[in-house]
Amino acid sequence: MTEPLLSVRDLNAWYGESHALHGIDLDVHQGETVTLLGRNGVGKTTALRAIVGIIRKRSGTIRFDGKDMLRVPLHRTARHGIGYVPEERGIFSTLTVEENLTLPPVIAKGGMTLAEIYQLFPNLEERRRSPGTKLSGGEQQMLAMARILRTGAKLLLLDEPTEGLAPVIIQRIGEVLQTLKQRGMTILLVEQNFRFASKVADRFYVVDHGQVIDHFAVDELPDRMSMLNEALGV
Ligand code: ATP
């Protein structure tokens, strides 16, 4: 088997003295969509933040596209091809949709053009002159994803993209992820919405108390349902 695009081994992370991650191991292969499942507060967001380098107090190994990411400063992570869409979305709310999509420099080769972005997210084109403050939650989520796609990211880290959104918008985001998958995008997703996750993910890791307690492929889901029911209440 080829080397995973992202390979994480024995990842530990701390908030000050508080030890939040206790040795996470996970792999994401090129073209895969992998979901981290787990109850609130178990360390899923922390895992994404440690991978991307927002949390600097970390140890272990993070290899991405053949590089040792523990040595890469946060401001260079995106240049290496890791795109992070945080739960709070991180768009410029006073700027218009189009300004959000054009102002940040396109920092790596292969970023989507504005035309490609508008093809994938037609509603963003309709709203291109609207400021971020006037967008719905779903439009903000799409804009946040679109900004990252502009950067040419090879790996998308998405933290709870469906949180607080209406079912019809969640479905739309699912369609966007399917399109990105068909184009070969690699995605690591944190998701509480199990129904959504089970439709888009190829593999799952279950996180509890800052550790991976199980991992399995989508075709193993039926065998895992009682465990998931107990662990997550799904
Ligand atoms: P949620 O879906 O609620 O965000 P999660 O699984 O993503 O859950 P994390 O946000 O990663 O969980 O939190 C893991 C642990 O780290 C929790 O105990 C949380 O209280 C703690 N924690 C998170 N952020 C901070 C912070 N900025 N400072 C200190 N502790 C934090």
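**Which residue in S8 is the bridge partner of Val34?** Keep this in mind as you work through the exercises below, which use a predicted model. The partner is Leu188.

**Exercise 1. Place the Val34 bridge in its sheet.**

*Step 1.* Start with the two strands. Strand S3 covers residues 33-37 and strand S8 covers residues 186-190; four bridges join them, and they run parallel.

*Step 2.* Widen the view to the sheet. Six strands line up in the order S6-S7-S8-S3-S9-S10, forming an open sheet with mixed pairing. Its edge strands are S6 (82-85) and S10 (211-217), each of which pairs on one side only.

*Step 3.* Look at the twist. On average, neighbouring strands of this sheet are turned by 15° against each other, with direction ignored.

*Step 4.* Add the helices. Helix H6 (residues 137-150) packs on the sheet and touches S6 and strand S7 (155-159), its direction making about 165° with that of S6. Helix H7 (residues 167-182) also packs on this sheet. H7 touches S3, S7 and S8, and its direction makes about 150° with that of S8.

**Exercise 2. Trace the four-stranded sheet and explain its edges.**

*Step 1.* Read off the order: S2-S1-S4-S5, an open sheet with antiparallel pairing.

*Step 2.* Why is one side of S2 and of S5 left without a neighbour in the sheet? Strand S2 (18-28) and strand S5 (67-68) stand at the edges, and each has a single partner strand, so one side of each stays without a neighbour.

*Step 3.* Place the helix. H1 (residues 44-52) packs on this sheet, where it touches strand S1 (6-15), S2 and S4; the directions of H1 and S1 make about 110°.

*Step 4.* Follow the pairings of S4. With S1, strand S4 pairs in the antiparallel sense over six bridges, and Ala13 stands opposite Arg58 in S4. With S5, strand S4 (residues 58-64) is joined by two bridges, again antiparallel. There, Arg63 stands opposite Asp68 in S5.

*Step 5.* Inspect the turn. S4 and S5 form a hairpin with two residues between them, and Asp65 in that turn has a positive phi of about 50°.

**Exercise 3. Describe the surroundings of the ligand.**

*Step 1.* List the shell. The residues around the ligand are Tyr15, Arg39, Asn40, Gly41, Val42, Gly43, Lys44, Thr45, Thr46, Arg49, Glu160 and Gln192.

*Step 2.* Sort them by class: two are nonpolar, six polar and four charged.

*Step 3.* Which element gives the largest share of the shell? Helix H1 does, with four residues.

*Step 4.* Check the polar contacts, using the cut-off of 3.5 Å between N or O atoms.

- Thr46 has a polar side-chain atom 2.4 Å from an oxygen atom of the ligand.
- Lys44 has a side-chain N or O atom 2.8 Å from a ligand oxygen atom.
- Glu160 has a side-chain N or O atom 3.4 Å from a ligand oxygen atom.

*Step 5.* Finish with coverage. On its own, the ligand has 630 Å² of accessible area, and the protein covers 59% of that.

Definitions and conventions: Residues numbered from 1 in each chain as written. Predicted model: local features only at pLDDT ≥ 70, side-chain atom pairs only at ≥ 80, totals over all residues. Heavy atoms only, no water. Pairing = 2+ DSSP bridges. Contact = heavy atoms within 4.5 Å. Axes fitted to C-alpha atoms, helices over the stretch in contact; angles between N-to-C directions. Near = heavy atom within 4 Å. Polar contact = N/O pair within 3.5 Å; in protein donor to acceptor, adjacent residues only side chain to side chain. Areas by Shrake-Rupley, 256 points an atom, 1.4 Å probe, with all protein chains shown as cover. Nonpolar A, V, L, I, M, F, W, Y, C, P; charged D, E, K, R; others polar.
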